[in-house]
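I set out to record, entry by entry, what I looked up in one structure. The notes follow the order in which I went through the chain.

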Amino acid sequence: MKTIVALCLVAVALAQSNQEAKIVNYQYGIEEDGSFAATFETTNGIKAQEDGISYPGNVPESGNYVRSGSYSYEWEGVTYTVTWTADENGFHPEGDHLPDFSHTREHIGEVEEVEVSVA
């Protein structure tokens, strides 16, 4: 769900830069096994695709999605592309213009939950 929200925010921000942009291609399908695939493209060059599958948990409101996809857009003559995966370990974007954080967890260790109190 967080991934979809992130992709929507990117699409909205980019679409606001060109108020005349229209969706020229949108496809979405979901299968009986819980897998799905979606793609869209706009007139101002934004493209995105995503696919994944749902793995239900043993109790209601539990389980996991494993998803992957990409999106691209043009900004000032340069096309930026992000490919990503999302699973029980979080959202993992990759792109030539993004820093590589793949090694971060091994340097800082596991992140612990900390309670923050506001005075």
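The entries below go from the whole chain to single residues.

**Entry 1. The chain as a whole**

I noted at the outset that this is a predicted model. I then looked up the secondary structure and found two helices and six strands in the chain. Along the sequence, I read the pattern as α-β-β-β-β-β-β-α.

I next looked up burial and surface. Of the 119 residues in the chain, 18% are buried. I recorded an accessible surface of about 9400 Å² for the chain, and carbon and sulfur atoms contribute 53% of that surface. For contacts with a separation of 6 or more, I found that 21% are between residues 24 or more positions apart.

**Entry 2. The sheet**

In which order do the six strands lie in the sheet? I found an open sheet with the order β1-β2-β3-β4-β5-β6 and antiparallel pairing. Strands β1 (23–30) and β6 (90–94) stand at the edges; each has a single partner strand, so one side of each is left without a neighbour in the sheet. I also looked up the angle between neighbouring strands of this sheet, which is 10° on average, direction ignored.

**Entry 3. Strands β4, β5 and β6**

I followed the pairing from β4 onward. Strand β4 covers residues 63–75, and nine bridges join this strand to β5 in the antiparallel sense. Within this pair, I located S72 opposite T81 of β5. The two strands form a hairpin with two residues between them.

Strand β5 covers residues 78–87 and pairs with β6 over five bridges, again antiparallel. I found two facing positions here: D87 is opposite G90 in β6, and T85 is opposite H92 in β6. Strands β5 and β6 likewise form a hairpin, with two residues between them.

**Entry 4. E76 in the turn**

I returned to the loop between β4 and β5, where E76 has its place. Is E76 buried or exposed? I recorded a relative accessible area of 74%; E76 therefore counts as exposed, the cut-off being over 50%.

I then looked up the backbone of E76 and found a positive phi of about 50°, although the residue is not a glycine. As a point of reference, most residues other than glycine have a negative phi.

**Entry 5. Aromatic pairs**

I searched the whole structure for aromatic pairs and obtained four. One of them is formed by Y71 and Y73, with 6.5 Å centre to centre and 15° between the planes. I entered this pair as stacked, because planes under 30 degrees apart count as such. Both Y71 and Y73 are buried. Which residues do ring pairs link into a cluster? I found Y71, Y73 and Y80 in it.

**Entry 6. S35 in β2**

I looked up S35 and placed this residue in strand β2, which covers residues 35–42. Why does S35 count as buried? Its relative accessibility is 18%, and the cut-off for a buried residue is under 20%, so S35 falls on the buried side.

I then listed the surroundings of S35. Leaving aside residues up to four places away in sequence, S35 touches G29, I30, G52 and I53. I also found a polar contact of 2.7 Å between the side chains of S35 and D33.

**Entry 7. H92 in β6**

I closed with H92, which lies in strand β6. How far is H92 exposed? With a relative accessible area of 33%, H92 is partly exposed.

What does the side chain of H92 reach? I found the backbone oxygen of G90 at 3.3 Å. With residues up to four places away in sequence not counted, H92 touches T83, W84, T85 and D87. In that list, T85 is the residue I had already entered as standing opposite H92. Finally, I looked up the spacing of H92 and V82, which are ten residues apart along the chain; their C-alpha atoms are separated by 9.9 Å.

How values were computed
Residues are numbered from 1 along each chain as its sequence is written. This is a predicted model: local features need pLDDT of at least 70, side-chain atom pairs count only at pLDDT 80 or more; totals for chains, interfaces and linings use all residues. Side-chain values use heavy atoms; hydrogens and water are left out. Helices (H or I, at least four residues) and strands (E, at least two) are DSSP runs, numbered from the N terminus. Buried means under 20% relative accessible area, exposed over 50%, partly exposed in between (1.4 Å probe, protein chains only). A polar contact is a pair of N or O atoms within 3.5 Å; within protein, one must be able to donate a hydrogen and the other to accept it, and residues adjacent in sequence count only if both atoms are side-chain atoms. Contact means heavy atoms within 4.5 Å. Two strands pair if DSSP finds at least two bridges between them. Axes are lines fitted to C-alpha atoms, for helices over the stretch in contact, and angles run from 0 to 180 degrees between N-to-C directions. Accessible areas come from the Shrake-Rupley method with a 1.4 Å probe; for residues, only the protein chains shown count as cover. Rings of Phe, Tyr and Trp (its six-membered ring) pair if their centres lie within 6.5 Å; planes under 30 degrees apart count as stacked, over 60 as edge-to-face and the rest as tilted.
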